[in-house]
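This report follows a few local features of one chain, moving from single loop residues to aromatic pairs, cores and a pocket.

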Amino acid sequence: MEDRMTSLDSLPAETGVLVIGGGPNGFVASILLSMRGIDHVLVERRPDTQKAPAAHVIRHRPLEVLSQLGIREEIRAAIAPLSLENINWCTTLGGPEVGRLDLRGGRPPADDPLDETWINLSQSRLEPILANRAKAMPPATIAFGVEASEIEQDDAGVTTTLCDADGREQALRSRWVIAADGAGSRTRKRIGIEMEGQGPLANFMMVHFRADLTPWIDARPGPLFWIMNPESGGTIIVHDPKQSYVFMTPALGVENEADTMEARLRQALGPEVDVPIEIVSTDAWMPFNQ
């Protein structure tokens with residue numbers, strides 16, 4: 001496999017298409033461009049692919065697109081063993097159930113998970129699969145740690161100023177630019193496109209943690225557990241029952257709030273869930289209605 005990952009120094013001066021953003025949308029765009037033989041460059045300002053789980057439920061139509069990219073086996077192997085049967089409401093993860101919503105509607109599971117209505121595949125697992133596929137396909141050039149800092153469009157194309165973490169800059173000329181750098185797109189802001197819809201809707205704290213919670217997940221399988229607890233309400237999102245979860249809870253706006261998150265997580269899990277927990281990361285998050 002040819003590694004076409006590169007740095008700012010090795011980028012060409014011109015290309016057909018510049019893709020800004022190395023998330024799922026950016027890498028899918030890169031692969032589709034390569035499948036059509038279109039010369040292009042993809043730049044991603046992060047040094048590597050997504051580390052936190054982030055988005056995780058992929059519905060059938062995106063699965064159909066992903067299945068056309070030559071990565072079916074890699075996706076199948078990366079799917080976490082989780083039945084997406086229910087959305088659950090409970091007082092704590094280990095406490096009494098308040099209610100549940102049946103997502104399957106009595107349908108039996110498909111023989112092939114890629115034929116399901118949706119699958120549970122965290123972005124942190126999907127992105128490396130897409131990145132490896134994209135960088136192996138000429139005529140793509142993929143550069144991590146490179147950001148688009150300025151964009152100027154004229155009648156013939158676009159000139160984009162690229163920079164790296166050391167402050168070095170280089171101009172790249174392209175006929176087209178694809179802005180795939182997320183809901184908070186810096187590219188969109190630089191060219192004056194406003195985000196539509198209401199937002200932010202709320203302020204949340206996000207805790208990515210590792211634990212084996214299979215005894216409680218297996219009892220009422222599903223990807224979401226809404227915690228109806230006045231002491232520590234929120235949502236527990238299941239990425240991998242044996243090891244990877246996210247707890248989303250309203251931000252209180254207190255000083256050093258990240259330091260309180262382990263205690264709040266323990267309250268949401270409940271006293272019945274007495275297992276080791278590793279806090280991987282905490283972050284603030286604001287959803288937008290687009």
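Gln 243 sits in the loop that runs between S14 and S15, in a model that is predicted. Its relative accessibility of 39% lies between the 20% and 50% cut-offs, so Gln 243 counts as partly exposed. When neighbours within four places in sequence are left aside, Gln 243 is in contact with Arg 125, Phe 209, Arg 210 and Ala 211. Gln 243 and Gln 170, which are 73 residues apart in sequence, have C-alpha atoms that are 42 Å apart in space.

A second loop residue, Val 275, is placed between H7 and S16. With a relative accessible area of 16%, Val 275 falls under the 20% limit and is therefore buried. Residues up to four places away in sequence not being counted, Val 275 touches Ala 211, Asp 212, Leu 213, Trp 216 and Arg 266. Ala 211 is thus among the contacts of Val 275 and also among those of Gln 243. From Val 275 to Pro 287 the separation is 12 residues in sequence, while their C-alpha atoms are 31 Å apart in space.

Three further loop positions carry backbone features. Ala 54, in the loop between strand S3 (40–44) and S4, has a positive phi of about 55 degrees although Ala 54 is not a glycine. At 37% relative accessibility, Ala 54 counts as partly exposed. Asn 256, which lies in the loop between S15 and H7, is likewise a residue other than glycine with a positive phi, in this case near 55 degrees. Pro 139, found in the loop between H4 and strand S8 (140–144), is joined to Pro 138 by a cis peptide bond with omega of about 10 degrees.

How many aromatic pairs does the count come to? The count is three, and two of these pairs are set out below.

| Aromatic pair | Centre to centre | Angle between planes | Class |
|---|---|---|---|
| Phe 204 and Trp 285 | 6.0 Å | 40 degrees | tilted |
| Phe 209 and Tyr 245 | 5.5 Å | 15 degrees | stacked |

The tilted pair takes Phe 204 from strand S12 and Trp 285 from strand S16 (residues 278–285), so the pair ties together parts that are 81 residues apart in sequence. Phe 204 is partly exposed, with a relative accessible area of 21%, and Trp 285 is partly exposed as well, with a relative accessible area of 44%. The stacked pair also links distant parts of the chain, since Phe 209 belongs to strand S12 and Tyr 245 to strand S15, 36 residues apart. Are the two residues of the stacked pair buried or exposed? Phe 209 has 0% relative accessibility and counts as buried, and Tyr 245, also at 0%, counts as buried too.

Phe 209 leads on to the largest nonpolar core, which has 32 residues; Leu 93, Phe 209, Leu 213, Ile 217, Phe 225, Ile 236 and Leu 269 touch the most other members. Strand S5 (86–90), strand S12 (204–210), helix H6 (214–217), strand S13 (224–227), strand S14 (234–240), strand S15 (244–250) and helix H7 (261–269) are the elements that give two or more residues to this core. Ile 217, when residues up to four places away in sequence are not counted, touches Leu 82, Leu 93, Phe 225, Val 238, Pro 241 and Tyr 245. Ile 217 thereby touches Tyr 245, the residue whose ring is stacked with that of Phe 209. Apart from the largest core lies another core, of 28 residues, including Phe 27, Val 28, Ile 75 and Met 137.

The last topic is an open space in the model. About 360 Å³ of space lies in the second largest pocket. This pocket is lined by 14 residues, of which Pro 24, Asn 25, Ile 58, Pro 62 and Leu 126 are the closest to its centre. Which elements give two or more residues to the lining of the second largest pocket? They are helix H1 (24–35), strand S4 (57–59), helix H2 (60–67) and helix H4 (123–135). By residue type, the lining of the second largest pocket divides into 10 nonpolar residues, three polar and one charged.

How values were computed. Residues are numbered from 1 along each chain as its sequence is written. This is a predicted model: local features need pLDDT of at least 70, side-chain atom pairs count only at pLDDT 80 or more; totals for chains, interfaces and linings use all residues. Side-chain values use heavy atoms; hydrogens and water are left out. On a 1 Å grid over the protein atoms alone, a cavity is a set of points where a 1.4 Å probe fits but cannot get out, and a pocket is an open set with protein on both sides within 12 Å along at least five of seven lines; lining residues have an atom within 4 Å of a point. Grid points are joined across faces, edges and corners, and a volume is the space filled by probe spheres set on the points. Helices (H or I, at least four residues) and strands (E, at least two) are DSSP runs, numbered from the N terminus. Ala, Val, Leu, Ile, Met, Phe, Trp, Tyr, Cys and Pro count as nonpolar, Asp, Glu, Lys and Arg as charged, and the others, Gly among them, as polar. A nonpolar core is a set of buried Ala, Val, Leu, Ile, Met, Phe, Trp, Tyr and Cys residues joined through side-chain atoms within 4.5 Å. Buried means under 20% relative accessible area, exposed over 50%, partly exposed in between (1.4 Å probe, protein chains only). Contact means heavy atoms within 4.5 Å. Rings of Phe, Tyr and Trp (its six-membered ring) pair if their centres lie within 6.5 Å; planes under 30 degrees apart count as stacked, over 60 as edge-to-face and the rest as tilted.
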